[in-house]
Amino acid sequence: MERLAETSGRVRGGHLLTIQVLLLLLMAFCAYRGYFEAGPTTIVGGVLLIVWQMRPNWFEGATRWVGRLAKRPLIPIALVVGLSFGVAGGVSCSRGFPQPWVNDEFSYLLAADTFLQGRVTNPAHPMWIHLETMQVIFQPTYASKYPPAQGLALAAGRLVGGRAIVGVWLSTALACGLICWCSMAWLGRSWGFLGGLLAAVHPLVLEWSQNYWGGAVAMAGGALVFGAFRKLARKPNALHSWLLGIGMAIMSFSRPYEGAVVCVLVLVALLFLTLRDKRVSSARLFRSVGIPVILSGVLIMIGWGCYNLRVTGNPLQMPVVVHEQTYAMARPFFWQTPYPEPAYRHKVMRDCEMGLTLPLFLRQRNSVAEFYSAAIDKLSLYSGAAFQGCGAIVLIALYFARRDRFLRLALAILVLFGAALLAEIWSQPHYAAPAAAVV
């Protein structure tokens, strides 16, 4: 029987090795044909997987060292935070501090300046008609149209380091540290440490650390939500419920729509898992999970109401809605009808709307073929930004993770989240930041 088991193990290992060799050849062919943006990285990753399978003893020293290091979870998290901050700061210092050049960046910097002066918004300028610019509202107050979280991060950087970009480095480092914590909850401490290290050097995360229009703040909120969800699925308690609520708040005040999609998916999954758990009574679940989550939701709504009241004069009207009603005809979702044409006072703003955003909106709204074409482009954009051409390695990972129900659940959440992104007319990689921890 022992000899039969040994032979069976060799056969299974041989089959697995054959699969990996075939995948490596496929990756090499795709890299040669230019199908991957990062072909060399993909090939190196495939080679490492095969070598690990054939000569696991070569990696024993490294794995033992990582295992000892991961026994104290705060040390890996601190290392990831330090690495991310050092890499982000080093890139900026070596290339010169990033300068804002997109309209959105100037809008976020306006928010940071406003918060640094101890104000939520600014009084309307008496000559505001001559000062109009994109992504900013001028009536009833003068403020950025965007949610306040990114502006607060930039203000913190100005306060601590004298430059707004320092706030970007800090938020990126915090997000990578939280991804390390989240990965440890999902995959164990050693693999979680690796997940944090991968986040710290991921090309897209590095790109977010060199501009002012966000990504890292929403990524931090998503990591908190997914990490707390995994811990609550294992053992419901009030601490992780409050961490879940904090993550919900961070996403709400950075990426409201995408954050709301993540929150709904996670809360539905959490409700399903906790109700199936017969070890914990319903009363205890409500006390330890339900009350903190409900209170967090109430506090988020109160916070938005107070912010909207100060900026727009209406607790139920967000600044972005005021901006779109004032300056836009295109709307964010394909099923909506366009706004009436506003009274433009500056030709450049009308040309941007009529020549760029409105035609894009109308094409996706009025043509099924254009909608599907745009959906393919969006999927290509998001998958390319997330996996950087290493899609085949992701397929290998899914092959090993197919028996883990929580990883299957994570994949389902990612697929549904991606479908929600397709409903938006515009697409940028940082729109998907709330789900970066899942990736």
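**Exercise 1. Work out how far helix 11 reaches and which side of it is buried.**

*Step 1.* Start with the length: helix 11 covers residues 238-252, which is 15 residues, and spans 21 Å from first C-alpha to last, close to the 21 Å expected at 1.5 Å a residue. That expected span is 1.5 Å times one less than the number of residues. Helices here are DSSP runs of H or I with at least four residues, strands are runs of E with at least two, and both are numbered from the N terminus.

A quick note on the ground rules: this is a predicted model, where local features need pLDDT of at least 70 and side-chain atom pairs count only at pLDDT 80 or more, while totals for chains, interfaces and linings use all residues. Residues are numbered from 1 along each chain as its sequence is written, and side-chain values use heavy atoms, with hydrogens and water left out.

*Step 2.* Now pick out the buried residues (under 20% relative accessible area, 1.4 Å probe, protein chains only). In helix 11 they are H240, S241, L244, G245, G247, M248, M251 and S252. Because they cover an arc of only 160° around the axis, they sit on the same side of helix 11. The arc is taken from the directions between the helix axis and the C-beta atoms.

*Step 3.* Look at what they pack against: helix 7 (164-187), helix 10 (216-234), helix 12 (256-276) and helix 13 (282-312). Contact means heavy atoms within 4.5 Å.

*Step 4.* Finish at the N-terminal end, where N237 acts as the cap of helix 11, with a side-chain oxygen 3.3 Å from the backbone nitrogen of L239.

**Exercise 2. Put the strands of the sheet in order and find the helix that packs on them.**

*Step 1.* The sheet is open, has 3 strands in the order 1-3-2, and its pairing is antiparallel. Strand 1 (122-123) and strand 2 (136-137) are the edges, each pairing on one side only. To count as paired, two strands need at least two DSSP bridges between them.

*Step 2.* Check the pairs. Strand 1 and strand 3 are joined by 2 bridges, and N122 stands opposite Y142 of strand 3. Strand 2 is linked to strand 3 (residues 141-144) by 2 bridges as well; here I137 faces A143.

*Step 3.* Add the helix: helix 5 (residues 103-116) packs on the sheet and touches strand 1, strand 2 and strand 3, its direction making about 120° with that of strand 3.

**Exercise 3. Sum up the chain.**

*Solution.* Count 18 helices and 3 strands. Of the 439 residues, 46% are buried.

Notes:
Buried < 20%, exposed > 50% of the residue type's maximum accessible area, 1.4 Å probe, protein only. Polar contact = N/O pair within 3.5 Å; in protein donor to acceptor, adjacent residues only side chain to side chain. Axes fitted to C-alpha atoms, helices over the stretch in contact; angles between N-to-C directions.
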